[in-house]
Amino acid sequence: MFFHIVLERNMQLHPRHFGRNLRENLVSKLMKDVEGTCSGRHGFVVAITGIENIGKGLIRDGTGFVTFPVKYQCVVFRPFKGEILEAAVTMVNKMGFFAEAGPVQIFVSNHLIPDDMEFQSGDMPNYTTSDGSVKIQKDSEVRLKIIGTRVDATEIFCIGTIKDDFLGVINDPTTA
Amino acid sequence: MRRIPHPKPRREGKFSFGTEGSPDLKFNFSSPKSDGKFATPIGKGDWAKGGKGGKVANGGKTPVAKEAQSLELRVEQELPKNVKCLMDCEAAIILEGIQEQMVILSEDSTIKLPESFDLGLRYAKTGCYYTNPQSVRRVLEVLSKYDVSYSEICVIANTCPETVDEVFALVQSLEAKRRGLSEPLKDVLDELAKLKKST
């Protein structure tokens with residue numbers, strides 16, 4: 001889910017960036033440092049939408065760098081346990097399938113795929129119902145529920161299920 | 001063509017991530033105080049590698065307990081108060097505006113949008129089923145009078161449900177309020193249907 005949030009960060013600036021364009025330099029550095037990163041608490045920082053406040057700079061002893069506390073608004077994307085997402089399938093194997101929802105990767109184990117769907121190997125591995133009416137393969141769109149999340153330095157990874165009511169394939173690329 | 005998945009046929013025997021039957025298979029997914037790793041006594045179960053995902057099952061179909069309560073949305077409890085939930089359609093408008101600005105700023109080659117921005121924008125656009133996000137927000141805000149949280153409202157907007165049963169199945173945290181919520185929810189869904197984009 002997307003959120004609009006105000007975050008704060010201490011930005012260090014080298015004296016060579018001081019001058020008329022100090023604020024612009026600070027904002028550029030903030031964008032380079034923060035956009036695209038991810039944290040466990042806030043998720044992916046997708047984009048900075050504005051600067052709320054830049055505090056007074058403090059010179060650090062011994063280095064000459066100045067630290068500015070910057071409050072900024074940004075759009076973040078963070079998945080939550082219990083959330084319903086629509087994701088595009090990227091890979092299918094006998095253990096389950098991988099899907100992507102925005103910058104987040106989701107794995108759905110075969111234990112969390114309905115029992116009436118069986119894995120079919122081949123050039124285009126897929127999960128199909130016995131009557132062939134529903135198929136999950138690469139590029140299919142599925143609605144799934146997040147049941148767990150893991151965050152590391154650069155990405156968020158989730159476990160999902162399609163076993164509950166109203167979950168499963170939305171769009172089959174072969175019939176679209 | 002977009003198709004809504006239907007309720008699953010009820011089957012005997014439930015899956016459970018053996019918290020009772022198999023004490024070894026104990027999972028603790030989201031623990032904010034930890035470093036974010038999945039904690040399993042089995043060892044270094046790395047969910048990122050699909051092949052190892054099968055290790056969980058230990059070869060047969062292990063029962064998975066339906067932890068209905070722990071799968072309820074707890075957004076407001078985990079995020080600070082100043083956070084505003086955005087519907088996908090609202091996020092799409094904000095991110096498109098930023099993308100247009102980047103065309104102007106792109107003269108400075110050091111400023112580049114990260115990959116997560118493109119992925120986020122693409123996801124927000126595909127999840128956008130309505131013509132006017134402000135109208136959608138206005139229609140759904142009626143539900144806040146019935147103790148529906150903003151995060152639950154956003155899930156309803158993003159999933160674009162067609163029936164009241166679908167809403168209660170997808171947002172389990174609303175089940176407790178079903179009696180008082182069914183009628184207003186039906187009216188809200190009728191209004192939302194008028195605001196949907198024609199496909």
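These legends accompany close-up views of a predicted model.

**Figure 1. Chain A as a whole.** Let's start with the overall picture before moving in on the rings. Chain A contains one helix and 14 strands. Its radius of gyration is 22 Å, whereas the globule rule gives 16 Å for 176 residues, so chain A is more spread out than a compact globule. Along the principal axes, the C-alpha atoms of chain A occupy a box of roughly 70 × 30 × 30 Å.

**Figure 2. Burial, contacts and surface in chain A.** Of the 176 residues in chain A, 54% are buried. Among contacts in chain A with a separation of 6 or more, 60% join residues that are 24 or more positions apart. The accessible surface of chain A is about 7500 Å², and carbon and sulfur atoms account for 48% of that area.

**Figure 3. The aromatic pair Phe2(A) and Phe77(A).** Over all chains, the model has seven aromatic pairs. In one of them, Phe2(A) and Phe77(A) meet edge-to-face, with 4.8 Å from centre to centre and 65 degrees between the planes. Phe2(A) belongs to strand β1 (residues 2-13) and Phe77(A) to strand β5 (residues 66-77), so this pair ties together parts of chain A that are 75 residues apart in sequence. Both Phe2(A) and Phe77(A) are buried.

**Figure 4. The aromatic pair Phe3(A) and Phe80(A).** Here the ring centres of Phe3(A) and Phe80(A) are 5.7 Å apart; their planes stand at 70 degrees, over the 60 degrees required, so the pair is edge-to-face. Phe3(A) sits in strand β1 and Phe80(A) in the loop between β5 and β6 (84-93), so the contact between these rings ties together parts of chain A that are 77 residues apart in sequence. Phe3(A) has a relative accessibility of 1% and therefore counts as buried. Phe80(A) is buried too, with a relative accessible area of 2%.

**Figure 5. A charged neighbour over Phe80(A).** Stay with Phe80(A) for a moment and look at the face of its ring. Arg78(A) lies over that face, at 4.1 Å from the ring centre of Phe80(A). The ring of Phe80(A) is thus seen in two settings: Arg78(A) over its face, and an edge-to-face pair with Phe3(A).

**Figure 6. A ring cluster with members from chains A and B.** Which residues do ring pairs link into a cluster? They are Phe2(A), Phe77(A) and Tyr123(B). Two of these rings, Phe2(A) and Phe77(A), are the edge-to-face pair of Figure 3, and Tyr123(B) joins them from chain B.

Definitions and conventions:
Residues are numbered from 1 along each chain as its sequence is written. Chains are lettered from A and ligands numbered from 1 in the order in which they are written. This is a predicted model: local features need pLDDT of at least 70, side-chain atom pairs count only at pLDDT 80 or more; totals for chains, interfaces and linings use all residues. Side-chain values use heavy atoms; hydrogens and water are left out. Rings of Phe, Tyr and Trp (its six-membered ring) pair if their centres lie within 6.5 Å; planes under 30 degrees apart count as stacked, over 60 as edge-to-face and the rest as tilted. Helices (H or I, at least four residues) and strands (E, at least two) are DSSP runs, numbered from the N terminus. Buried means under 20% relative accessible area, exposed over 50%, partly exposed in between (1.4 Å probe, protein chains only). A charge sits over a ring if NZ of Lys or CZ of Arg is within 6 Å of the ring centre and within 35 degrees of the ring normal. The radius of gyration is taken over C-alpha atoms; the globule rule is 2.2 Å times the number of residues to the power 0.38. Contact means heavy atoms within 4.5 Å. Accessible areas come from the Shrake-Rupley method with a 1.4 Å probe; for residues, only the protein chains shown count as cover.
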